[in-house]
Amino acid sequence: MSGSPERRNEAEAPRRGASVSAKSRLAGALAGIVNGLFGGGGGIPLLLLLTKWARLEEKAAFATCIAVILPLCAVSAAVYLLRGAVPLADALPYLAGGLVGGAAGGMLFRRVPEVWLRHIFALFLLYGAWRYLSPAR
Amino acid sequence: MTGWLLPFLFGAAAGVLSAWGIGGGTLLLLCMTLLLGVDQAEAQGINLLFFLPTAGVSLLFHKKNGYLDKGVAKAAILPGTLCALAAALFSSLIDRDIFRKPFGVFLLLASASILLDKRVSQ
């Protein structure tokens, strides 16, 4: 990861905008590394950094994470495709379902309580932790 | 038919969670590897492809509803994309299993930090 000079003194940065922008760059970089290594999951460090460090509103952070992860996924997906690891035909039914679910989720987002979002998200993290930490594959 | 139906339904369910940004990809990976027997590497690739239309359509709604922080997104996308590219290329050269345990620990800490967050929920 290349160091960014703006990160120095950011605790004392007088202009909040510049500081948030530097935090966003670092958060994005970390998300990219996780996404590239694991084929997903980059949104996790991103969400944590955007809410707890850059202090975004929670729903804005969840939605903004999607916008940041989308191009990362596009890049990672291109690499996977070039390596021939993804038969496109097998992926199509998942993509069709994703379009339907993505639209439904987008419409419902305003009405979902934040505590639901947080708890469902945390449950997935716990499940992932168990899966990655358990010795049996 | 069932060969199409389950992936479609899992994709739709995961799509809702992906649109909310809370783990649709994890759900889909679990469904594929644990329930449908898809090979891990292929599942990861499908998962990445899945996110493109799913996130794309959800972002149309988020933008309309004012949930997108464009400044943050613009700042994060370039370093994120470059690092994703570098890490994906790097990961093809090595045994990714060595990252499993550290990532698991990170997930555990992340969930604890969210569940223990004392901020009042609206």
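Accessible area here comes from the Shrake-Rupley method with a 1.4 Å probe. By that method, chain A exposes about 6200 Å², and carbon and sulfur atoms supply 64% of that area. Before I go on, note that this is a predicted model.

First, chain A by itself. It has five helices and zero strands, so to read its elements from the N terminus on, you simply say α-α-α-α-α. The chain has 137 residues, and 55% of them are buried. Now take contacts in chain A between residues at least 6 apart in sequence: 50% of these join residues at least 24 apart.

Next, where the helices of the two chains meet. Two packed helices are described by the angle between their axes and the distance between the axes. How do α5 of chain A and α5 of chain B pack? Helix α5 of chain A covers residues 114-133, and helix α5 of chain B covers residues 100-115. Their angle is about 155 degrees, and their axes are 8 Å apart. An angle over 145 degrees counts as roughly antiparallel, and α5(A) and α5(B) are therefore roughly antiparallel to each other. The crossing of α5(A) past α5(B) is left-handed. On the chain A side, the residues making this contact include F121(A), A122(A), L125(A) and L126(A). On the chain B side, they include F103(B), V105(B), L107(B) and L108(B). Sorted by class, the contact has 14 nonpolar, four polar and four charged residues.

Helix α5(B) also packs with α2 of chain A, which is residues 43-53. Here the angle is about 35 degrees and the axes are 11 Å apart. This crossing, too, is left-handed. From α2(A) come I44(A), P45(A), L48(A) and K52(A). They meet F106(B), L107(B), A110(B), S113(B) and I114(B) of α5(B). That contact divides into seven nonpolar residues, one polar and one charged.

Last, one residue to find on the screen: L117(A), in helix α5 of chain A. Is L117(A) buried or exposed? Buried means under 20% relative accessible area, and L117(A) has a relative accessibility of 0%, so it counts as buried. What does L117(A) touch, leaving aside residues up to four places away in sequence? In chain A, it touches K59(A), F62(A), F109(A) and V112(A). In chain B, it touches W20(B) and I22(B). Take F62(A) from that list: it lies 55 residues from L117(A) in sequence, and the two are 8.7 Å apart in space, C-alpha to C-alpha.

Terms used
Residues are numbered from 1 along each chain as its sequence is written. Chains are lettered from A and ligands numbered from 1 in the order in which they are written. This is a predicted model: local features need pLDDT of at least 70, side-chain atom pairs count only at pLDDT 80 or more; totals for chains, interfaces and linings use all residues. Side-chain values use heavy atoms; hydrogens and water are left out. Helices (H or I, at least four residues) and strands (E, at least two) are DSSP runs, numbered from the N terminus. Buried means under 20% relative accessible area, exposed over 50%, partly exposed in between (1.4 Å probe, protein chains only). Contact means heavy atoms within 4.5 Å. Axes are lines fitted to C-alpha atoms, for helices over the stretch in contact, and angles run from 0 to 180 degrees between N-to-C directions. Angles under 35 degrees count as roughly parallel, over 145 as roughly antiparallel, 65 to 115 as roughly perpendicular and the rest as oblique. A crossing is left-handed if the near helix is turned anticlockwise from the far one by less than a right angle, and right-handed if clockwise. Ala, Val, Leu, Ile, Met, Phe, Trp, Tyr, Cys and Pro count as nonpolar, Asp, Glu, Lys and Arg as charged, and the others, Gly among them, as polar.
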